[in-house]
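I opened this notebook page to record what I looked up in the structure, beginning with the annotated sites and then moving on to aromatic rings and one chain as a whole.

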Amino acid sequence: MTYRKTAGAAAALLTVASLGLAGTPAAAKAPVAVAQCAASSTVKETLPNGTTWQLCWRVQDRAGLVLDDVFVSSKRYPTPVQVLDSIRLGQLNVPYDSGETEYNDLTEYGFGGSNLETLGGEDCKGGSAREGSDGGPEARRRKVLCVSAEPSGLAYRLKDYNYETGADKLYSKQGHDLVLRTISKVGWYEYVSEYRLADDGQISVRLGATGDLSPGDYVKADRGWPIGKGARDYASMHYHSAIWRVDTNIDGKGGEKVEQYDTKTDGRGSMAAKLKTSMTKIDKEGTFTKANRRWWRVVSEASKNKDSHKRSLELVTGADDRYEANPATTPDVTFTEARGCEKFATDNADPQCKTMKTILDYVKDKQTLKNPVMWVRVGFHHVPRDEDQSPMPLHWQGFDLLPRDFTDMNPLTPADRNGVNGQTDN
Amino acid sequence: MRQYRKWGWGLGIASVTAVIAFGVASWQVNAAPTPGASPGAEQPRVSDPDPGPEPTAGTGNDALTSAEVEKAREIAVTPELKEKAKDASGAAGPEFLSADIVDTDGGRRAEVYLYDYATNNLIKQVVDLGGSKLTDSYSAAGLHLPASAHEVDTALDLLLADPLASEFKDAYAKATGSQFAGKDGLKTTAHVFKAQAADPAVAQCGEHRCLRLIVEAKGRYLDLGHLIIDLSGRTVARLS
């Protein structure tokens, strides 16, 4: 979506003040990354490697946690660049293998309002519990968002041999994520909506499930797993098909294009198979299916990095069980043209567009994509196990948005490696 | 603990050297040590700003404030709706379900969702909060949002007053090991139920607004999945 220029003066002032840059040369050069929200709904944190994420957060009654206007900057690239216009869950569809039960957890219960948990216990240990509206009918302000910085392991490692000095130089750095999470209690299940914003620019999107197994859904052996003593009670297997709604806004310029890449075998070389990669433009709404070595990216037409490459976000998926028994949870990824009343991937209920009930309705007229919205489905077929009682250990499902050519080099590149960009002259 | 202290040092150094790194200054401003924390105790690794009092109105796409929700509701429930629409318990005026900020480039607008039990329509009222006026109005049958607390309460009352209350009481006794003695202490939520397969007892659910209750008592969930409360028809049915 297009970058909004309607920030309140108060918000702009707060932002400048909190940047602490007034009067420095950097402040004069850098465009102000205006927060589109009040200070209390802004998250702006700098990770140890110097990467800063800035965004607005809110809770929506049905969707739960929503991140808006997500910007990233780093020590190496200090000007904040917008990445996303918004990201949130677009549905959580939970059918039981018994065929007797199916829930649309966002639209039949909601992740916000009274189902949004106030953080307590060790929910936010080491982090900052932020207060904001729960999005419910009374807009109660509670501590609901946990913001924390967490180690993400080794960010990079390189041992470089210097032929002139004959000595090794070791580049080795620990990485960190800025982690945002809320918890929603939907019946016996408790869900964690989590976004991990890495210091290398990657955004990891996850849904975790904990709480307890359904107390009522016990079935025959071929649809469940024996839980409890002996082989008496079989807890029903079931699905969690999570679908996220991702609206990119790269560098605030909007109008991204969608590309699909496929790599196929292409004869033999002298030692191994040759592989050939081709790109297919996706310029109309549609649903898409994963294949071996297939991936998609949302690419800016208007914003390039310093190497003159178009900035883009690549969709990276991992473990993922497709629920093909429901047409609306079958597509792995769906691209639609942004429309205000197309809010949820299934069970959409907006009287303004009453026939638009699922993503399949949204794509039916195959509109040209001018402002694409990406709906990412990640499914998990949950086969209960004894260890699920009790409480159930968290099980996770999600995907990553990988910056592809957002910056001309690794944003964490140490100064000594500045010249390593492209093929070296030998 | 040791690892944490090292992290703290790293950030301190970064704040000296990375003069142009955004946010470092704000960390210095906001991340004051937690009052009363003992030396060596774990400190927040991120800033922990004071949220301050709730503003009257939000900024940009901020969630609606409680004052904005109240204002939007007042405008959304027109005199006509107040008179002709009905809520879940049959009283005059529509059932209020939710209010949300509309994501727009312009000023702040709210969409208010109401349910009219007189017509079984979901109503969306778009309210311009700055201009204090209703700008758009839409309604349709067969569409549902999650249940309000009032609807959940009403559904539980309907169930307890129905002959099928005996099944509720059986489920209570099975889950808790004691006799049901009243609503106190129950934690009740619900999800909207729409008939999928042909089941004559609940086929109207979808056009009607129906709930399936989730009731927790004494830390246990009651097995009530087979009982459907039709709020529109004010009936209770048992799934076959």
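Entry 1, a cut-off first. I call a residue buried when its relative accessible area is under 20%, and exposed when that area is over 50%. With that cut-off in hand I looked up Tyr189(A), and because its relative accessible area is 3%, I noted Tyr189(A) as buried. I keep in mind throughout that this is a predicted model.

Entry 2, the annotated residues. I had gone to Tyr189(A) because the UniProt record, an unreviewed entry, lists Asp105(A) and Tyr189(A) under "active site", and such annotations may be inferred rather than shown by experiment. The two are spread over 85 residues of sequence, yet they cluster in space, with a largest C-alpha distance of 10.1 Å. I also checked the cavities, and found both Asp105(A) and Tyr189(A) included in the lining of the second largest one.

Entry 3, surroundings of Tyr189(A). I placed Tyr189(A) in strand 9 of chain A, which covers residues 189-198. Leaving aside residues up to four places away in sequence, I found that Tyr189(A) touches several histidines, namely His238(A), His240(A), His382(A) and His395(A), and that its contacts also include Tyr96(A), Asp212(A) and Met392(A).

Entry 4, surroundings of Asp105(A). I found Asp105(A) in helix 3 of chain A, residues 105-109, and since its relative accessible area is 4%, Asp105(A) counts as buried too. With residues up to four places away again left out, Asp105(A) touches Gln91(A), Leu92(A), Val94(A), Gly110(A), Phe111(A), Val186(A) and Tyr191(A).

Entry 5, aromatic pairs. How many aromatic pairs does the structure hold over all chains? I read off 14. One of them is formed by Trp244(A) and Phe399(A), an edge-to-face pair with 5.3 Å from centre to centre and 70° between the planes. This pair links distant parts of the chain, for Trp244(A) lies in strand 14 (residues 238-248) and Phe399(A) in strand 22 (residues 395-404) of chain A, 155 residues apart. I noted both Trp244(A) and Phe399(A) as buried.

In chain B I looked up Phe168(B) and Phe180(B), which also form an edge-to-face pair, at 5.1 Å centre to centre and with 80° between the planes. Phe168(B) belongs to helix 6 (residues 165-176) of chain B, whereas Phe180(B) is in the loop between helix 6 and strand 5 (187-193), so the pair ties together parts twelve residues apart in sequence. Phe168(B) has 0% relative accessibility and therefore counts as buried, and Phe180(B), at a relative accessible area of 17%, is buried as well because the cut-off is 20%.

Entry 6, a cluster and two charges over rings. I recorded one aromatic cluster made up of Tyr96(A), Tyr103(A) and Tyr109(A); Tyr96(A) had already appeared among the contacts of Tyr189(A). The charged end of Arg206(A) sits over the ring of Trp396(A), 3.6 Å from the ring centre, and Arg311(A) lies over the face of Phe406(A), at 5.8 Å from the centre of that ring.

Entry 7, chain B as a whole. I noted six helices and nine strands in chain B, and of its 240 residues 49% count as buried. Among contacts in chain B between residues at least 6 apart in sequence, 49% join residues at least 24 apart. Chain B exposes about 11,400 Å², of which carbon and sulfur atoms supply 53%.

Definitions and conventions: Residues are numbered from 1 along each chain as its sequence is written. Chains are lettered from A and ligands numbered from 1 in the order in which they are written. This is a predicted model: local features need pLDDT of at least 70, side-chain atom pairs count only at pLDDT 80 or more; totals for chains, interfaces and linings use all residues. Side-chain values use heavy atoms; hydrogens and water are left out. Rings of Phe, Tyr and Trp (its six-membered ring) pair if their centres lie within 6.5 Å; planes under 30 degrees apart count as stacked, over 60 as edge-to-face and the rest as tilted. Helices (H or I, at least four residues) and strands (E, at least two) are DSSP runs, numbered from the N terminus. Buried means under 20% relative accessible area, exposed over 50%, partly exposed in between (1.4 Å probe, protein chains only). A charge sits over a ring if NZ of Lys or CZ of Arg is within 6 Å of the ring centre and within 35 degrees of the ring normal. On a 1 Å grid over the protein atoms alone, a cavity is a set of points where a 1.4 Å probe fits but cannot get out, and a pocket is an open set with protein on both sides within 12 Å along at least five of seven lines; lining residues have an atom within 4 Å of a point. Contact means heavy atoms within 4.5 Å. Accessible areas come from the Shrake-Rupley method with a 1.4 Å probe; for residues, only the protein chains shown count as cover.
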